[in-house]
Structure formats: C-alpha cells, structure tokens
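Notebook open, structure loaded. I'll start with the sheet and then chase one residue.

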Amino acid sequence: MVSEQKTANVSFESLLRIFTVPEGPDSTLTKIDQELSRNLNLFLREHIVAEEKPLKEIEKDFSNPQIPESPAFVSEHTQHLLDNLVAHSVHTSAPSFIGHMTSALPYFLMPLSKIMIALNQNLVKIETSKAFTPLERQVLGMLHRLIYQENDAFYSQWMHSANHSLGAFCSGGTIANITALWVARNNALKADGDFQGVEKEGLFKAMRHYGYHGLAILVSDRGHYSLKKAADVLGIGQEGLVCVKTDHNNRLCPQDLKAKMAHLKSQKIKPFAVVGVAGTTETGNIDPLRDIANICQQEGCHFHVDAAWGGATLMSNNYRYLLNGIELADSVTIDAHKQLYVPMGAGMVLFKKPDAMHSIEHHAQYILRKGSKDLGSHTLEGSRSGMAMLVYASMHIISRPGYELLIDQSIAKARYFADLIKAQDDFELVSEPELCLLTYRYIPALVRQALQQALPNQKAELNELLNEITQFVQKKQRETGHSFVSRTRLNPERWDKLDTIVFRVVLANPLTTHAILHSILDEQRHIATLAPNLMAKIVQLAQRITS
C-alpha cells in the first residue's frame, strides 16, 4: 500500500499559523532549536560534513530559478536546508579551521539573537528602535572610550546628544572604512565662501573651487581591499589610492609616506586622508600609528586607523601598547564580529570629535528630522538591525578582563605555533606574529639550502615550484575537511622579494589546542607526499643547485 503524500495548501489561515503558532515539540525545527541551545559546537560538528562536495555539485541543488507555486511544510524544508545547505557550509567555529577571521561564538548569543530577530528593530530611526537607539549610542560610547579614553564629562555631554554622534554601526569594516573616508573627503572639500561644499555641489565643482588636480588616500601596500572600493565610491578613482612602502615587518614606512605626500602636493593632488592599519589582514602587523599621526597633524590630513582586526587588542592591558598612537586618530574602524566574538554583521567606525559626522548628515521629512536622535542621519546604510544588542551583551557578559584573557591566549598561541614551525626542518616561518596571525610555508631542508645558494633565475624557478606545492597542500587540506588554513601572497625580503605563496593562519579561536596545531603540520607534511611528481621536480632542482 502506497502511503499518501501530504501537501501543504496555500490559505490565509495556514499563513497565519507560521506567524503565530510554533512548530510542535517533535518537529525538525524544534529539535534543531533545542540542539543549538544545548551544544552549539556539537550541532555544527554533527551537521557539517567533513568531506568537501564540489561547488558544481552544490550548485545543482540551487539551480531552479522559479519561486515555488505551492508551499513546503516547515519541517520538510528545514530538513532540505540541513541536507543541502548546512551540511556543506564552512565550519568556521571548528578549532582546527584556523584560516578564518571568524571564530567560535559564545553560546548565549544564540538565544539573544532570537530575541533580536523577534523584536526586528530598525535602527535607522527612533520610531522603529526606541530603546535600541540609546543602547547603540552607549555601545559606540564604550568603544570610543576604549580608544580615546576621554573623561566622564565628555561622554555625559556627547554620547546621547541629538546633534552629534561618536560613530556609526554598520555591517562590517568595508562600510566603516568608506564612512570614515567619506567624512574625511567632505571635510577636506567643505563649504568655503560661495562654494556650498562637495556634498551639495559635487566633486567636479569642489576640485575647481579649491584648485586641485586630484585627491588621494595613502595607505601601505598591506591595506585592505575595501579601500579600493572607497576610492571608487568617493569618486577619486583607484589611482587615487596611493601605495606607501612597507618595511620587512610589513609596516608602513613613515619616510616614504612623507615623500609620497610631498610628490602628490607638487602635482596639485590633495592627500586628504592617510590610513594606518592596526592588524593587517594578511600578516596581522600594526603600522607605526604615532608616527603617522604626527605626519598627518603636520600636513592637516585626516588620519584613519583600520583596526577592524586588531582593535579588540585594546581590551588587553598587557598588549594595548601595540596600538600606541591610535588615540590620535581622527577615526577608527573596529569589527565586533572578529575579536569581540559576535556574529557576522557588526562593524563600527568611531570619530574622535563628536561633530566630525556633520559633514555627511542627511535628513528627511518623515524620518531623520533635525534635532531627532535618529541614528540614520549619520550612517551610509539606512535600515539596520539591532546588532548593537549582541555587542552590548557580550561586553557585559564577557567583560573587559574576559576579553583580555581571550586576546592574550590568542597571541600566546600564535607565538607557540611560530616557535613550533621554527623547530621543524621542513617548514619556514615567513612572518612573525605580532597579534595572532602568522604566515609560513612547507620547504624541506635541502630546498631551503638550495634557495640560499641559487642564482637569481634558479631561485625564481625553485620558488615557483614551492608556490605550486603550497597551493596544492592548502587546497587538498581544505577539500579533505579535517582542518583548514588559508593562503596568501607575500614578498619576503629574505628571498629577494619574490612573489611567494604562503599558508596564513588566525589563532583567535579559544578552542584551538596545541595538539591541533601539531596535527595541522603533520597533515600538511603528509599531503605534500601526495604530489610525488611535483616534489620530485623540487628535490631534483634543489640537488642540482647544491651539487
């Protein structure tokens, strides 16, 4: 006997149920909810498969462009998501997945996220957020104080001022960086005499009024790719993003910054902003922030610090000194979804002066009225969720000393891994960890010896083969699914600045153990043996060079 297939019907009554009546206690969705609440990491381990499914195969599960004409049962669709989406997602919180800047999440964020979603507040205006607006202003004040360390009177005066803002919440570091540079551009091309300002008259008229032939943002060659987007969006073009040399520690060179600024000014190009990086995405290094601040002050130039990654280090009294000079910045980007351990979608930009954002203020008749405390008047994004609630909760539940412990253990772990790599005769540390990022590569002892003896053309050939094996190992390790490290390209001075592919790891996950770090090297060593032809070519060339 064939069992009858149940089908869901479209009716207003059935639609009302999904707005008002929860799933039964034995439903798939309810069980998932309970599992997530009981043990988040166990749920992810059980439901994300280890073996990687090729993207082409996954695309087949998501290839129908038609909106369904009949509804699916909630539990059946939930099972579909478990099988086809969750199973083939990236296990970013896994302690052996150390190639991501996302990490494990504290368990309390799951139920709090449900409250946030249920409330569905829109932080663009008071009418759709009410208590969330002062909460968000307080979070901005807390981060502002972490950076700038103003006194109580300062925050009493400015934190909840309707006509001022200490910063803006946004979806991430990209929007935060764009917002900071938008403010910098508008302040550099502000109203002057008959000229009403760039925000009113546009870039062409602004340039003509001030007599500039161009505008420029200066940043080291380790700057984040979001700055290219900023240059594009702000109308200065990607050529207006001027690259400053870095030293052997991947930090911006102040002397080259001065030289580049002088050259730009000689061409009547206005350097209106300099970006210092506090935790580069590739190597985790921190620019000499105080030196950059002094140069910017002399030149009357906006100083922005992209601390999306490293800003949380300020929570640690033991390592705060690494960011000395950040308090001199005109603006700072911090991503809470990185080392403040909240879910994706919580970036912030903070401004030293409470009136800095006046240059980008926008109003409307139905919202964002002058004198209101609507946060949307100072943000690039309009409608926004209440992510500030999760940052607020985390800072209270974890507290500054708790964050200090998390930051300190991550830096200690990175130093441990760096020492472990140095102790191997077939791995090479490429960049020393300053925070909890480092880079390295697989390079057998004979090959390292050959690189030291090789002529320039031999060195380039051998380096290219090493790039191939690094790429192979990284890709195979990801596909196997037991662990994950990312890869990037650097130009180490040690190897004549050759274009070098390296492994990149981020050790922010508090669940990552020393044993896991040992196993990752063992796995990479084993994977290298799975490319015998390539390894044979590398060894043969190394033997020819050393013989």
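Before I talk about bridge partners: I count two strands as paired if DSSP finds at least two bridges between them. Also for the record, this is a predicted model.

**Entry 1, the sheet.** I looked up the strand order first. The sheet is open and has 7 strands, arranged 1-7-6-5-4-2-3 with mixed pairing. Strand 1 (167–170) and strand 3 (241–244) are the edge strands; each has a single partner strand, so one side of each has no neighbour in the sheet. On average, neighbouring strands here are turned by 20° against each other, direction ignored.

**Entry 2, strands 2 and 4.** I then zoomed in on one pair. Strand 2 (residues 214–220) runs parallel to strand 4, and the two are joined over 6 bridges. One residue I checked was L215, whose bridge partner in strand 4 is K270.

**Entry 3, a helix on the sheet.** Helix 7 (residues 132–148) lies across strand 1, strand 6 (331–335) and strand 7 (347–351). I noted its angle to strand 7 as about 65°.

**Entry 4, N285.** Where does N285 lie? I found N285 in the loop between strand 4 (269–277) and helix 14 (289–299). Is N285 buried or exposed? Its relative accessible area is 4%, and the cut-off for buried is under 20%, so N285 counts as buried.

Next I went through its side-chain partners. The N285 side chain makes a polar contact of 2.7 Å with that of T283, and another of 3.0 Å with that of E434. Leaving aside neighbours within four places in sequence, the residues in contact with N285 include N249, N250, R251, V277 and E432.

Conventions
Residues numbered from 1 in each chain as written. Predicted model: local features only at pLDDT ≥ 70, side-chain atom pairs only at ≥ 80, totals over all residues. Heavy atoms only, no water. Buried < 20%, exposed > 50% of the residue type's maximum accessible area, 1.4 Å probe, protein only. Polar contact = N/O pair within 3.5 Å; in protein donor to acceptor, adjacent residues only side chain to side chain. Contact = heavy atoms within 4.5 Å. Axes fitted to C-alpha atoms, helices over the stretch in contact; angles between N-to-C directions.
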